Number of protein chains: 2
Amino acid sequence: MELHRREFAALVLGAAASAGIAGPASAQTDPLPSWNEGPAKEAILKFVRATTDSSSPDFVPPEERIAEFDQDGTLWVEHPLYTQIVYCLDRVGALVKEKPELKTKQPFKAVVSGGPEAVAKLSMRDIFEIVLATQSGITVEEYRADVRQWLATAKHPRWNKPYIELVYQPMLEVLALLRANGFTNFIATGGGASFVREYSTRVYDIPPERVSGFAQPAKFGLGPGGKPILSYEPKVAINNLEAGKIENFWLQFGRRPTTAWGNSSSDDQQILEYTKAGSGARLSAAVLHDDAEREYAYGPAQGLPNTAVGTFSQEMYDMGVKQGWVIASMKKDWKRIFAFEG
Amino acid sequence: MELHRREFAALVLGAAASAGIAGPASAQTDPLPSWNEGPAKEAILKFVRATTDSSSPDFVPPEERIAEFDQDGTLWVEHPLYTQIVYCLDRVGALVKEKPELKTKQPFKAVVSGGPEAVAKLSMRDIFEIVLATQSGITVEEYRADVRQWLATAKHPRWNKPYIELVYQPMLEVLALLRANGFTNFIATGGGASFVREYSTRVYDIPPERVSGFAQPAKFGLGPGGKPILSYEPKVAINNLEAGKIENFWLQFGRRPTTAWGNSSSDDQQILEYTKAGSGARLSAAVLHDDAEREYAYGPAQGLPNTAVGTFSQEMYDMGVKQGWVIASMKKDWKRIFAFEG
């Protein structure tokens with residue numbers, strides 16, 4: 001149902017765009033109704049007009065209209081923990097059932113019997129070990145089924161809603177606006193591509209083959225009865241952080257984004273810098289989490305508190321201002337955050 | 001012009017398919033006119049009907065209709081040398097101009113001053129060194145422009161035609177038939193993805209982001225004036241041979257092919273085996289080069305001569321027969337090979 005409503009909205013937006021009324025926002029035809037009027041919204045609409053109007057000097061042919069989106073913190077909530085890490089922590093129970101020897105081994109012991117305080121004290125290295133262990137030794141089909149089942153039942157502790165409802169409505173509108181204007185949308189996540197692929201089509205209308213991200217290798221082998229299978233290994237095949245994100249985007253897709261969206265210095269700074277440096281009209285945009293009341297507030301840019309999850313450094317902020325990125329303040333630029341706010 | 005004609009053909013095929021007449025081949029509506037009647041053609045049409053008829057037990061929803069194609073020897077000619085290797089050999093001249101010290105160093109010396117006999121004696125290791133050296137130290141945009149220029153002028157010695165005209169007409173018809181029936185086509189080449197991406201859209205109607213293959217990493221750095229650039233390195237990031245082809249297909253796209261097409265034991269055997277082992281109707285197909293008169297004849301399957309380029313082992317042939325792959329004989333199954341035959 002959710003998807004159908006979104007598809008309908010996209011169709012309406014598409015019709016509006018092809019009738020040439022995607023330009024100045026009006027009450028009736030505003031393609032970004034969850035964005036407050038202001039320089040951010042204006043810059044987005046101006047970029048779309050400049051790149052799609054065939055008489056514009058910045059016109060971009062449809063096949064080169066490539067839009068790249070980070071996921072955690074850009075398309076959906078990443079606090080208090082990246083969703084995929086919550087999934088991996090939840091999988092530790094199943095893992096120790098299969099391998100009971102892990103019950104007494106750290107960091108698994110902390111998760112199984114340490115309580116919330118022990119889990120909160122896990123280092124990034126511990127978490128990484130848990131990610132590799134819980135997402136390996138199973139076939140790709142088993143992993144798919146497990147992620148789907150988890151997504152259907154797990155809920156975010158703050159809103160008590162399934163994670164896939166915690167996507168930002170203003171960003172869904174940006175995805176739909178670009179799609180309706182001939183752009184091809186891609187996800188480049190610092191998280192796991194295989195995880196995001198299980199909901200990218202229904203939530204973002206982006207098919208699995210247009211999702212890149214952190215990846216563990218899937219190894220070819222023969223399973224029961226000599227049947228060929230692919231199983232995940234506890235190794236890293238693709239690391240999508242820092243400059244890796246734009247390097248891997250080129251490696252996997254052979255494309256240069258016309259517009260790129262992110263929110264993290266450890267994830268997105270280089271791809272935003274690279275995208276903006278292209279010739280013609282380019283839109284690099286960063287989401288600033290500065291709304292503790294409606295979502296979360298963290299930086300450290302603009303004096304917002306630094307956290308372990310998500311980092312928007314002052315250096316990246318200054319680079320964005322200097323290079324003319326859109327910096328979208330959740331507090332000032334977003335009229336509403338989630339679709340369920342009504 | 002070439003593209004327009006093909007697009008038109010695809011549209012016509014599409015209309016035929018949606019009118020429900022893509023089924024039994026007739027003179028008027030045959031979607032595979034360059035295929036002779038026989039078990040190969042029949043199996044392809046049967047597979048398309050079974051997977052797209054919503055009342056069929058083997059119906060596959062459109063989002064899971066994934067078609068994978070090898071390129072060299074499957075979609076276009078790979079003899080007497082893989083086209084990309086011809087390109088790399090042609091680039092040695094420009095390379096030694098930039099780095100004169102290579103003129104006296106093997107294997108570059110052989111290419112620059114050894115004549116055809118010296119080039120013919122190069123080992124696969126020599127060729128590999130030339131591939132990495134000629135395709136690195138330049139930005140991704142410089143590489144793109146160079147490949148495009150080369151493709152516009154270079155010609156195949158036997159037919160004296162641009163390489164992009166040496167695509168197999170029967171395979172273009174398979175691509176169009178699948179596309180018209182809701183399949184998404186992908187290329188998984190043992191050759192270079194970046195090379196194929198320069199013509200995949202216009203020749204196969206497959207955009208760059210749906211091409212995977214051998215890949216050298218593109219490294220992020222700062223170029224003249226501090227402008228961020230991506231430059232190819234003389235290293236291997238992705239090796240797409242043997243089981244690597246299906247492993248990388250999953251890594252890059254998170255998809256399992258419903259149908260897979262290849263021609264080489266060193267390239268395609270595992271992905272064809274894996275695809276065929278899926279549940280429901282699956283089509284694995286291999287092209288057998290057994291027509292020395294109209295193209296080339298090589299194996300070693302079925303007693304055809306073994307060559308350095310392309311290998312279709314008897315082991316793969318026997319596996320294909322046992323598992324019920326389509327084995328398309330160029331001699332018996334293809335009415336014509338190239339579009340320019342008229």
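## A guided tour of the model

Start by selecting Cys88(A): this residue is buried, with a relative accessible area of 1%. Now jump to chain B and pick Cys88(B), which is also buried, at a relative accessible area of 1%. Keep in mind as you click around that this is a predicted model. While you have cysteines on screen, how many disulfides are there over all chains? The count comes to 0.

**Stop two: a strand covered on both faces**

Go back to chain A and select residues 66–69, which form strand β1. Are the two faces of this strand covered or open? Both are covered: Ile66(A) and Glu68(A) lie on one side, Ala67(A) and Phe69(A) lie on the other, and all of them are buried.

Next, add strand β2 of chain A, residues 184–192. β1(A) and β2(A) run parallel and are joined by 4 bridges. To see where they meet, show Ile66(A), which stands opposite Thr184(A) in β2(A).

Then add strand β6 of chain A, residues 259–262. This strand also runs parallel to β1(A), and 3 bridges join the two. Here, show Glu68(A) and look across to Ala260(A) in β6(A), which stands opposite.

**Stop three: a buried loop residue**

Select Thr258(A), found in the loop between α11 (243–253) and β6 of chain A. Is Thr258(A) buried or exposed? Its relative accessibility is 2%, and because buried means under 20%, Thr258(A) counts as buried. Show its surroundings: leaving out residues up to four places away in sequence, Thr258(A) touches Phe47(A), Val60(A), Glu64(A), Arg65(A), Ile66(A), Phe183(A), Thr275(A), Ala281(A), Arg282(A) and Leu283(A). You have already met one of these, Ile66(A), in strand β1(A).

**Stop four: two helices side by side**

Two packed helices are described by the angle between their axes and the distance between the axes. Try this with helix α12 (residues 269–276) and helix α13 (residues 314–323) of chain A: their axes come within 11 Å and cross at roughly 10°. α12(A) is therefore roughly parallel to α13(A). To see the contact, show Gln269(A), Glu273(A) and Lys276(A) from α12(A), with Glu315(A), Met316(A), Met319(A) and Gln323(A) from α13(A). Try colouring them by class: the contact has 2 nonpolar, 2 polar and 3 charged residues.

**Last stop: chain B**

Finish at Val203(B), in helix α10 (residues 200–204) of chain B. Val203(B) is buried, with a relative accessible area of 2%. Now select Ile164(B) too: Val203(B) and Ile164(B) are 39 residues apart in sequence, and their C-alpha atoms are 7.0 Å apart in space.

Notes. Residues are numbered from 1 along each chain as its sequence is written. Chains are lettered from A and ligands numbered from 1 in the order in which they are written. This is a predicted model: local features need pLDDT of at least 70, side-chain atom pairs count only at pLDDT 80 or more; totals for chains, interfaces and linings use all residues. Side-chain values use heavy atoms; hydrogens and water are left out. Buried means under 20% relative accessible area, exposed over 50%, partly exposed in between (1.4 Å probe, protein chains only). Two strands pair if DSSP finds at least two bridges between them. Axes are lines fitted to C-alpha atoms, for helices over the stretch in contact, and angles run from 0 to 180 degrees between N-to-C directions. Angles under 35 degrees count as roughly parallel, over 145 as roughly antiparallel, 65 to 115 as roughly perpendicular and the rest as oblique. Contact means heavy atoms within 4.5 Å. Ala, Val, Leu, Ile, Met, Phe, Trp, Tyr, Cys and Pro count as nonpolar, Asp, Glu, Lys and Arg as charged, and the others, Gly among them, as polar. A disulfide is a pair of cysteine sulfur atoms within 2.5 Å.
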